[in-house]
Amino acid sequence: MTTVILAAQAAQGGGGLSMIIMIVAMFAIMYFFMIRPQQKKQKEIQKFQNSLAEGTQVITGGGIYGSVKRIDLATNTVEVEVAKGVVIRVDRSCVYKDMASTRAQAK
């Protein structure tokens, strides 16, 4: 009786290996189609935020269009002029896009 059980367990051992291979393959697919592109996009956004300069046309995370008036590195904030004489202060990490590149992509 025990030999039959041992034989059945040995036959299922090959199935366990194929299950592990399938799980590894699924993780690899998720990495290359989901995680890696998101990391690339995040690095691109970080590079843009670090290269902000006064006068740059930007869009904030809330969808507000404006022009950078002043950058305060001590508090990590950016003052954005949204209309003539109207300046708002936002966190630098909330500034995502350059309006010039957005217009170029729309064409």
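**View 1. Phe 32 and its ring partner, Tyr 31.** Start with Phe 32, which is partly exposed at a relative accessible area of 49%. In this predicted model, Tyr 31 also counts as partly exposed, with 30% relative accessibility. Searching the whole structure turns up 1 aromatic pair, and here it is: Tyr 31 and Phe 32 sit edge-to-face, with 5.2 Å from centre to centre and 80° between the planes.

**View 2. The open sheet, strand by strand.** Here you're looking at 5 strands in the order 4-3-2-1-5, with antiparallel pairing. Strand 4 (86–91) and strand 5 (95–98) are the edge strands; each has a single partner strand, so one side of each has no neighbour in the sheet. Take any two neighbouring strands of this sheet and, on average, they're turned by 50° against each other, ignoring direction.

**View 3. Zooming in on strands 3 and 4.** Strand 3, residues 77–83, pairs with strand 4 in the antiparallel sense, over 6 bridges. Which residue of strand 4 is the bridge partner of Val 80? That's Ile 88. As a quick reminder, strands in a sheet pair through backbone hydrogen bonds, either parallel or antiparallel.

**View 4. How far to trust the chain.** The protein chain has a mean pLDDT of 82, and 78% of its residues reach 70 or more. Where is confidence highest, and where is it lowest? Strand 4 comes out highest, at a mean of 94, while helix 2 (residues 99–106) is lowest, at a mean of 61.

Conventions
Residues numbered from 1 in each chain as written. Predicted model: local features only at pLDDT ≥ 70, side-chain atom pairs only at ≥ 80, totals over all residues. Heavy atoms only, no water. Pairing = 2+ DSSP bridges. Helix = DSSP H or I, 4+ residues; strand = E, 2+ residues; numbered from the N terminus. Axes fitted to C-alpha atoms, helices over the stretch in contact; angles between N-to-C directions. Phe/Tyr/Trp six-rings, centres within 6.5 Å; stacked < 30°, edge-to-face > 60°. Buried < 20%, exposed > 50% of the residue type's maximum accessible area, 1.4 Å probe, protein only. pLDDT = per-residue confidence, 0-100.
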